[in-house]
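Welcome to a short set of exercises on reading a protein model. Try each task yourself, then follow the solution step by step.

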Amino acid sequence: MSDSQVVAALLAGLGTGLSLIVAIGAQNAFVLRQGLRREAVGPVVLVCALSDTVLILAGVGGVGALLARAPVLVEVVRWAGALFLAVYGLLAARRAVVGGRLDVDERGGRTSVWPVVATALALTWLNPHVYLDTVLLLGSVATSYGDARGAFAVGAVVGSWIWFAGLGYGARALRPVFARPAAWRVLDAAVAVVMLALAVRLTLGG
């Protein structure tokens with residue numbers, strides 16, 4: 001296996017991994033919201049990136065093939081994820097209606113870290129698309145790189161860490177915008193739409 005093959009697999013993993021996680025979804029919307037509030041950003045980024053790493057390595061390691069033979073497990077996760085997303089979406093819709101503003105107090109940390117971490121874990125592990133995309137799809141693509149699939153996995157993992165860290169910590173650049181109540185309500189409305197749309201899609205078997 002040549003160095004060029006390793007580099008090609010590494011870059012392919014980086015590009016494929018980013019293409020799967022950059023799309024706005026429940027997990028990304030939550031990371032963005034926490035980044036704007038500066039509440040438990042480090043733990044949230046860590047939970048999402050570590051979870052993605054486990055899923056990527058599992059897919060490349062062949063767990064995706066086993067998961068494909070366990071449709072009952074996927075079905076259980078689908079309904080649990082739909083219920084959780086529906087509840088979270090309704091809460092976001094309520095915040096959008098009631099309104100509010102972003103507290104620009106630089107101290108942050110106003111909410112206990114454990115409920116935030118639990119939500120991040122639920123949004124990650126109760127989303128069946130995580131298994132279908134990250135485990136099955138990435139795992140399938142990785143097999144085409146043969147002995148270089150390890151480099152492919154490393155690239156995908158690096159892409160995941162870059163994305164979540166950038167989203168969580170980069171969100172603070174938008175804090176002046178979200179100091180206005182109207183902007184915060186728009187964000188919560190967008191989060192509600194994303195969450196509820198995903199819940200409906202999962203309920204319908206999408």
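**Exercise 1. Find out how well A92 is covered, and what it touches.**

*Solution.* Start with the accessibility: A92 has a relative accessible area of 0%, so it counts as buried (buried is under 20% relative accessible area, exposed over 50%, partly exposed in between, with a 1.4 Å probe and protein chains only). Next, locate the residue: A92 belongs to helix α5 (helices are DSSP runs of H or I with at least four residues, strands are runs of E with at least two, and both are numbered from the N terminus). Then look for partners: setting aside neighbours within four places in sequence, A92 is in contact with D188, V191 and A192 (contact means heavy atoms within 4.5 Å). Finally, compare sequence and space: A92 and R185 are 93 residues apart in sequence, while their C-alpha atoms are 9.1 Å apart.

Before going on, a word about what you are looking at. This is a predicted model, in which local features need pLDDT of at least 70 and side-chain atom pairs count only at pLDDT 80 or more, while totals for chains, interfaces and linings use all residues. Residues are numbered from 1 along each chain as its sequence is written, and side-chain values use heavy atoms, with hydrogens and water left out.

**Exercise 2. Describe W79, another residue of the helix that holds A92.**

*Solution.* First, the place: W79 lies in helix α5, which covers residues 71-98. Second, the cover: with a relative accessible area of 44%, W79 is partly exposed. Third, the distance: W79 and A199 are 120 residues apart along the chain, yet their C-alpha atoms are separated by 8.8 Å.

**Exercise 3. Summarise the whole chain.**

*Solution.* Begin with the elements: the chain has 10 helices and zero strands. Then turn to burial: of its 206 residues, 44% count as buried. Now the contacts: among those between residues at least 6 apart in sequence, 90% join residues at least 24 apart. Last comes the surface: about 10100 Å² is accessible, and 71% of this belongs to carbon and sulfur atoms (areas come from the Shrake-Rupley method with a 1.4 Å probe, and for residues only the protein chains shown count as cover).

**Exercise 4. Work out how α3 packs against α6 and against α8.**

*Solution.* Take α3 (residues 41-60) and α6 (residues 113-125) to begin with: their axes come within 9 Å and cross at roughly 30 degrees (axes are lines fitted to C-alpha atoms, for helices over the stretch in contact, and angles run from 0 to 180 degrees between N-to-C directions). That makes α3 roughly parallel to α6 (under 35 degrees is roughly parallel, over 145 roughly antiparallel, 65 to 115 roughly perpendicular and the rest oblique). On the α3 side, the residues in this contact include V44, V47 and L55, and on the α6 side they include V116, L121 and W125. By class, the contact has 12 nonpolar, two polar and no charged residues (Ala, Val, Leu, Ile, Met, Phe, Trp, Tyr, Cys and Pro count as nonpolar, Asp, Glu, Lys and Arg as charged, and the others, Gly among them, as polar).

Now repeat the steps for α8 (residues 149-170): α3 and α8 pack at an angle of about 160 degrees, with their axes 9 Å apart. The two are therefore roughly antiparallel to each other. Among the residues in contact are L46, I56 and L57 of α3 and W161 and F164 of α8. This contact divides into 16 nonpolar, four polar and two charged residues.

**Exercise 5. Follow α2 from its contact with α6 into the loop after it.**

*Solution.* Step one is the packing: the axes of α2 and α6 come within 9 Å and cross at roughly 160 degrees. The pair is therefore roughly antiparallel. Contributors from α2 include F30 and Q34, and those from α6 include V116 and L123.

Step two picks out Q34: at 5% relative accessibility, Q34 counts as buried. Beyond its neighbours within four places in sequence, Q34 is in contact with E39, V41, V44 and V116.

Step three moves to the loop between α2 (26-37) and α3, where R38 is placed. Most residues other than glycine have a negative phi. R38, however, has a positive phi near 55 degrees. A40, in the loop between α2 and α3, also is not a glycine and has a positive phi of about 50 degrees. As for cover, R38 is partly exposed at 22% relative accessibility, whereas A40 is buried at 17%.
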